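The following exercises concern ring pairs, a ligand site and a buried charged residue. Each task is followed by a solution in steps.

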Amino acid sequence: MEIRKLPIPRPTFHFTPQSNWMNDPNGLVFDRGLWHLYFQYNPEGPDWGNMSWGHASSTDLQNWTEHPVALPYRQGEQIYSGSVVATQTNGDSLLTAYYTSAFENGRQAQSRATSSDGGFTWEQDPQNPVLDRGTNAFRDPKVIRYTDDHGDFRWIMLAVEAEDRQVLFYHSTDLRSWTHQSTFGPLGDDRVVWECPDLVPLPVDDDPNNIKWVLFISKNPVGEDADPDGSSMSYIIGDFDGTAFTTETTELLRLDHGRDFYAGVTFDNAPGNAAIMIAWMSNWRYAGAFPSAPWRGSMSLPRQLSLRTSAGVARLVQEPPEFIRTSLAESQPVPRLDTAQPLSFAVSGHSLIDLRWDPASTGTLRLKLQGDADAQVSIEHSPTSGALHLTRQGRDTQAVHADFPSTSTVPLDGTAPVRLLLSLDGPLLEVFVNDGESTVSNLVVLGSGTVTAMITTDEPGQVAVAMINIPALDCARQD
Ligand code: FRU
């Protein structure tokens, strides 16, 4: 078979490193007007290895400036995922990072570094590693804040024993010494490892007197016959009393129904205590085969998290960031178009597509995206099955990796009106269903030019459509 070199356009409103390999977001922190994004990075090549913390920052969560590597690997020690928290003492700001030291002998333990220049240069703690269980899959420390009912404050650290499928909880009052408090898990599928935990308090339906705690876990299949669907994120809603996470359910809920949303964590210190999550938009199953160059790996849009009651139970809602919501609000009034004939639009490869329709009158709706690649992305919503399917297929899709072609399914109430917001940025497609009640995030290969969006419905009906091009801004990158 002839191998075609497929051009993958670089995203313009998502972060990608200028060159080389990137995976998980690390150390997300807001500090004095800047959103910092550290990330798992190989400074020397397009494949996973030499893991270090790369660094980028943004004032608006849309345009990112890449900075020099913040925490480089060294002989015998890679710097795996972790987190950063911001503190103020006498008006001076200090950032404290916790990361996993992955040693050559297989040992994984937690280490600490501090920055007093706003996150640009870091000093490692001479006592590193500062939290060591003598085990080989103890990783991904996430430090969060906890204040009890009496106003007493403590730091909480979550870290996984990845292969045991456990989250360990520690507490500290000085961000130096940590005491083990409790362990959550194992539960659910035992053919996965748990990675990159996070724990976030969220009000249910905006009620400050009804706070639930949401535990986030990234799951990656391991072993022989590992699930070809690969990596995915889950969440579980419960309570946290400063010591232990408890929950009445044993069900891990799927966070995103697509294939490419992994290792998502939230920012520390976001204004208004907003819970804003960024994830890596790839999947360990084929991440190393994705043919983008000279960069490999992209971050998702930053998502604003909340809890909303739906059919009597609280569910996670993930809304797009403010710049996307503002672009939508400022766009032309949405026309209602008749689908007696197929509707066809040309959009740039960096666009928002906002659709609303009532399946009770249109029946099944199909949206197909086609660019200059031999590949298609199609979305189908059927009121009878009550599900939304997103399929990526075609020769150029198959050429990425045998497990790259896929169909993702979102269960929905089939007859209720539907709103879909598609964010397409080069190879990154994120679909927000019904204002973030469900999401589907996928890498796609559509080619490098204009994309045609075609809409058909089983019955002639009305579909409200808005298409918004997101213009590329010059993205400064510092070396
Ligand atoms: C998750 C992960 C983490 C680890 C990092 C290594 O994608 O496997 O558990 O810290 O990537 O790059």
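Two rings of Phe, Tyr or Trp (the six-membered ring in the case of Trp) form a pair if their centres lie within 6.5 Å; planes under 30 degrees apart are stacked, those over 60 edge-to-face, and the rest tilted. The structure to which this rule is applied is a predicted model.

**Exercise 1. State how many aromatic pairs the rule yields, and classify the pair formed by Tyr286 and Phe404.**

Step 1. The rule gives a count of 24 aromatic pairs.

Step 2. For Tyr286 and Phe404, the distance is 4.9 Å centre to centre and the angle between the planes is 80°. Since the cut-off for edge-to-face is over 60 degrees, this pair is edge-to-face.

Step 3. Tyr286 belongs to the loop between β19 (276-280) and β20 (295-296), and Phe404 to the loop between α3 (395-400) and β29 (406-411); the pair therefore ties together parts 118 residues apart in sequence.

Step 4. Buried means under 20% relative accessible area. Tyr286, at 2%, is therefore buried, and Phe404, at 0%, is buried because of the same cut-off.

Step 5. Phe404 also has a charge over its ring: the charged end of Arg392 sits 3.9 Å from the ring centre.

**Exercise 2. Which residues are linked into a cluster by ring pairs, and over the face of which residue does Arg133 lie?**

Step 1. The cluster linked by ring pairs consists of Phe15, Phe39, Tyr41 and Trp64.

Step 2. Arg133 lies over the face of Phe138, 5.7 Å from the ring centre.

**Exercise 3. Describe the surroundings of the ligand.**

Step 1. The ligand is surrounded by Asn23, Asp24, Gln40, Trp48, Tyr80, Ser81, Arg139, Asp140, Glu195, Tyr262 and Trp284.

Step 2. By residue class, this shell comprises 4 nonpolar, 3 polar and 4 charged residues.

Step 3. At least two shell residues come from each of β1 (20-31), β5 (77-89) and β9 (138-147).

Step 4. Polar side-chain atoms lie at 2.7 Å from a ligand oxygen atom in the case of Arg139 and at 2.8 Å in the case of Glu195. In the side chain of Gln40, an N or O atom is 2.7 Å from an oxygen atom of the ligand.

Step 5. The ligand taken alone exposes 320 Å², of which the protein buries 95%.

**Exercise 4. Is Asp354 buried or exposed, and with which side chain does its own side chain make a polar contact?**

Step 1. Asp354 is located in strand β25 (residues 350-357).

Step 2. Its relative accessible area is 3%, so Asp354 counts as buried.

Step 3. The side chain of Asp354 makes a polar contact of 2.9 Å with the side chain of Arg419.

Key: Residues numbered from 1 in each chain as written. Predicted model: local features only at pLDDT ≥ 70, side-chain atom pairs only at ≥ 80, totals over all residues. Heavy atoms only, no water. Near = heavy atom within 4 Å. Polar contact = N/O pair within 3.5 Å; in protein donor to acceptor, adjacent residues only side chain to side chain. Areas by Shrake-Rupley, 256 points an atom, 1.4 Å probe, with all protein chains shown as cover. Helix = DSSP H or I, 4+ residues; strand = E, 2+ residues; numbered from the N terminus. Nonpolar A, V, L, I, M, F, W, Y, C, P; charged D, E, K, R; others polar. Buried < 20%, exposed > 50% of the residue type's maximum accessible area, 1.4 Å probe, protein only. Lys NZ or Arg CZ within 6 Å of the ring centre and 35° of its normal.
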